[in-house]
Number of protein chains: 2
Amino acid sequence: MTVIFSKKCEYGLQAILFLSSKTRGERVSADEIASKLNIPKEFVSKILQSLTGSNIAASKKGKSGGFYIAKDPSQIKLLDVVKAIDGLDVFDNCVLGFPHCSKDNPCPLHNKWGKLREDAYNMLNDETIDKFYEKTVNKINSL
Amino acid sequence: MTVIFSKKCEYGLQAILFLSSKTRGERVSADEIASKLNIPKEFVSKILQSLTGSNIAASKKGKSGGFYIAKDPSQIKLLDVVKAIDGLDVFDNCVLGFPHCSKDNPCPLHNKWGKLREDAYNMLNDETIDKFYEKTVNKINSL
DNA sequence: CATAATTCAGATATTTTTGTCTGATTAAAA
DNA sequence: TTTTAATCAGACAAAAATATCTGAATTATG
Ligand code: SF4
Ligand code: SF4
């Protein structure tokens, strides 16, 4: 069960974090990413392909090709990845699944949830993937 | 797209809120619930059936039968409904989909997310469905 | 008692998400 | 130049979530 992101998005985030733990420009094959992260190879490959479209990842074909990160890790926000894969609807929808109410007469959840959602958004908007470097290295080694 | 709950759970919450807007003990047919809330009839019926098992809803068969709320709205927490339908895993899983790390060396998200998650849990644990009465009445009428 | 309206259980169907396969293209290196 | 190892595109498959159907059991009411 995922929390708020789709599996695609979780895998995308994991893969980007993994790529960011490599030296800049180093190409990593879908095979390696998949086996290190326990993600189906073709699936992660598809996901990274789509992230090349968003200029988050980049790739090189052919022998000794692979995926790498398209810009400096400090320039990639977690939110960028989420936006590219799941979109931002989650930050806009009613947590109870109701069509939007006007803010004039909010239910008891509305403001509380609104606050949480805003915090979550800010969190993803503030955290760039370079900040995960140390943790990611440890994590990968422990899988 | 749902936010953090499954559609089943969203519908369940909506249905329980709807039932709570009726006078205590009044039986409401799946048909009425479905058409008022724009939910597939058989689906909401299934969901309420399952909630009778958790002693949140109750039902009466036969002519002029239907569903009703099993206890006083002030005794039903939103969390109870979530627990009965989706379970509580969402409050336990890593938001990035990683297997759990030890708390010794958390990534930058860990504590921030942990805090948000805790707030969300408390919110659902604090809010009882009686607190939604006024809003629910308005809401239903505006659908 | 017959009828109508309902829940209920279980099977089935549809849709969405997740995962896999195939073959084409690319490029390094033998 | 051939072989090898990779991405890529698009079709395909499997699983999970969502939705529908069918018929049996129940119960109020005429
Ligand atoms: S007021 Fe409540 S029901 Fe309406 S959109 Fe906000 S959270 Fe959802
Ligand atoms: S430390 Fe980070 S990656 Fe690990 S469980 Fe916590 S949030 Fe997930």
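**Exercise 1.** How do the residues of the shell around ligand 2 divide into nonpolar, polar and charged?

*Solution.* The model is predicted, with local features needing pLDDT of at least 70 and side-chain atom pairs pLDDT 80 or more, while totals for chains, interfaces and linings use all residues. Residues are numbered from 1 along each chain as its sequence is written, chains are lettered from A and ligands numbered from 1 in the order written, and side-chain values use heavy atoms, without hydrogens and water.

Step 1: list the shell, taking residues with a heavy atom within 4 Å. Around ligand 2 these are A:Lys135, B:Cys94, B:Phe98, B:Cys101, B:Pro106, B:Cys107 and B:His110.

Step 2: assign classes, where Ala, Val, Leu, Ile, Met, Phe, Trp, Tyr, Cys and Pro are nonpolar, Asp, Glu, Lys and Arg charged, and the others, Gly among them, polar. The shell has five nonpolar, one polar and one charged.

Step 3: place the ligand. Ligand 2 lies between chains A and B.

**Exercise 2.** Identify the residues around ligand 1.

*Solution.* Chain A gives Cys94, Phe98, Cys101, Pro106, Cys107 and His110, and chain B gives Lys135. Ligand 1 lies between chains A and B.

**Exercise 3.** Describe the surface near DNA strand C.

*Solution.* Step 1: of 24 residues around the strand, A:Pro40, A:Phe43, B:Ala30, B:Lys46 and B:Ser59 come nearest. Sugar and phosphate make up 67% of the strand C atoms within 4 Å of the protein.

Step 2: sort by class. The surface has five nonpolar, nine polar and ten charged residues.

Step 3: check atom pairs. An N or O atom in the side chain of B:Lys46 is 2.6 Å from a base oxygen of strand C.

Definitions and conventions. A polar contact is a pair of N or O atoms within 3.5 Å; within protein, one must be able to donate a hydrogen and the other to accept it, and residues adjacent in sequence count only if both atoms are side-chain atoms.
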